[in-house]
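Subject: Structure for you to look over

Hello,

Here is the structure I said I would pass on. My notes on it follow below the display; please read them with the coordinates open.

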Amino acid sequence: MEFGYFTLSDNHYENNTRSANQFVSDITDEALYADRLGMHSAWIGEHHFNSLGVLSCPDLVLAYIAARTQHIRLAPAVTVLPLHHPIRVAEQWASLDLLSNGRVDFAAGRGYDSREYAPFKVSFADNQGIFEEGMELVRRLWAADDRISHHGKHYSFDDVRITPKPVQRPIPTYVGSFSKPSIELAARLECGLIVAPFAAAMSFGGLKQVADLYHETCAKHGTKPGRLMCSYFTHFADTMAQGDAQRARQIRYYKECVIPALPGDPKTAPPSYTYFIDMVKRLHQVQPEQLTENSVLLGNSQQITDTLKKVEAAGFSEVILYFNVGMKPHQMVKDEMDRFMREVAPHFQGKHLERRAA
């Protein structure tokens, strides 16, 4: 199992003196540090207008990282595809794949925050259809050697061929999923799947249930399953006091960043987002003792290792680790990343062992 660095650049906190510019600089430094530690990948989220996070251009940050590294894989977490024209998305990530010598992992989703849609004049209510058509187009544009035309419900063009072409044919592609329609799309398009354990637990019962549903859906479509990945909030704690502080940090993130971003109002949530209503209700009521392995990696190195062994047994090939959450100080984040790679990662087979031996 491989391990990556992950962030949504959460900075929407009350009385927060950390500027967006400072946080983007911190995240870039952490991703470069992840490469030095032997982590497999860097997954950087896309958010706009300081609605939840502050890093709006993961492609540019990852291009900067690509120029300064040789090993770490580079991925958005995720590209909010309905906000962008699929031709432009295909061009951007093919270019990064070329410049990084084939190190891109591409992931897309439709997001969940209507505040990010409104200024772009994109329909939040209709974004499932926009997303599905866009996802198919991006992959067609990467794969096509000749010019292609397309006339669909949301996009229409003639005689388009993108340049440059990606080095990887195909670029590994994932769908970020909170819902059954996203799992269905990933299976139909032969994409891998990325899920958040806390959402998987609320919507499906756990990671194993998501894995089973994905494989069943692939079998229904006659497609080959891709890789399964999940993201995990990660907090080291060796004492009860440290554990209490980390739980408080996590709950602050839910209440100040996540709840305002999710479509949790039954009066305004589009039909394709109704599953978020119960999720928001439960997040409002979450108590520190409810932060179990279903949502966070929290504890000492052995406890975190034990949880990840269950994730591995459920069939997940990579876990991307969200260290910098809830206003955690930059140096503390780097210390926890280092500790993870020294004390937890060696218990799992992966490329990090080869990097460590080298």
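Ser9 is buried, at a relative accessible area of 1%. Keep in mind here and below that this is a predicted model. Ser9 sits in the loop between strand 1 (2-7) and helix 1 (20-37), and its phi is positive, near 55 degrees, although the residue is not a glycine. Glu190 also has a positive phi without being glycine, in this case near 60 degrees. Is Glu190 buried or exposed? With a relative accessibility of 43%, Glu190 counts as partly exposed. Its place is the loop between helix 6 (180-188) and strand 9 (192-195).

Most residues other than glycine have a negative phi, and most peptide bonds are trans. On the second point, there are two cis bonds to look at. One runs from Ala77 to Val78, with omega near 0 degrees; Val78 belongs to the loop between strand 3 (73-76) and strand 4 (79-80). Another cis peptide bond joins Arg169 to Pro170, and its omega is about 10 degrees. Pro170 is in the loop between strand 7 and strand 8 (173-177).

Next, the strands. Strand 6 (residues 148-151) has alternating side chains: Ile148 and His150 point to one face and are buried, whereas Ser149 and His151 point to the other face and are not buried. That is the pattern to expect, since in a regular strand the side chains alternate between the two faces of the sheet. Which strand does strand 6 pair with? The partner is strand 7 (residues 156-160), in the antiparallel sense and over 3 bridges. Within that pairing, Ile148 has Val160 of strand 7 as its bridge partner. The connection from strand 6 to strand 7 is a hairpin of 4 residues.

Last, the helix packing. Two packed helices are described by the angle between their axes and the distance between the axes.

For helix 9 (residues 240-261) and helix 10 (residues 275-285), the angle is about 160 degrees and the axes are 10 Å apart. An angle over 145 degrees counts as roughly antiparallel, and helix 9 and helix 10 are therefore roughly antiparallel to each other. The crossing of helix 9 past helix 10 is left-handed. On the helix 9 side the contact is made by Tyr254, Lys255, Val258 and Ile259, and on the helix 10 side by Val280, Leu283 and His284. Sorted by class, this contact has 5 nonpolar residues, 1 polar and 1 charged.

For helix 11 (residues 301-313) and helix 12 (residues 330-343), the axes come within 11 Å and cross at roughly 65 degrees. How is helix 11 oriented relative to helix 12? The crossing angle makes helix 11 roughly perpendicular to helix 12. Helix 11 passes helix 12 in a right-handed crossing. Ser301, Ile304, Thr305 and Leu308 of helix 11 make this contact with Arg339, Phe340 and Glu343 of helix 12. The classes in the contact of helix 11 with helix 12 are 3 nonpolar, 2 polar and 2 charged.

Regards

Terms used: Residues numbered from 1 in each chain as written. Predicted model: local features only at pLDDT ≥ 70, side-chain atom pairs only at ≥ 80, totals over all residues. Heavy atoms only, no water. Axes fitted to C-alpha atoms, helices over the stretch in contact; angles between N-to-C directions. Helix = DSSP H or I, 4+ residues; strand = E, 2+ residues; numbered from the N terminus. Parallel < 35°, antiparallel > 145°, perpendicular 65-115°, else oblique. Left-handed = near helix turned anticlockwise from the far one by under 90°. Contact = heavy atoms within 4.5 Å. Nonpolar A, V, L, I, M, F, W, Y, C, P; charged D, E, K, R; others polar. Buried < 20%, exposed > 50% of the residue type's maximum accessible area, 1.4 Å probe, protein only. Pairing = 2+ DSSP bridges.
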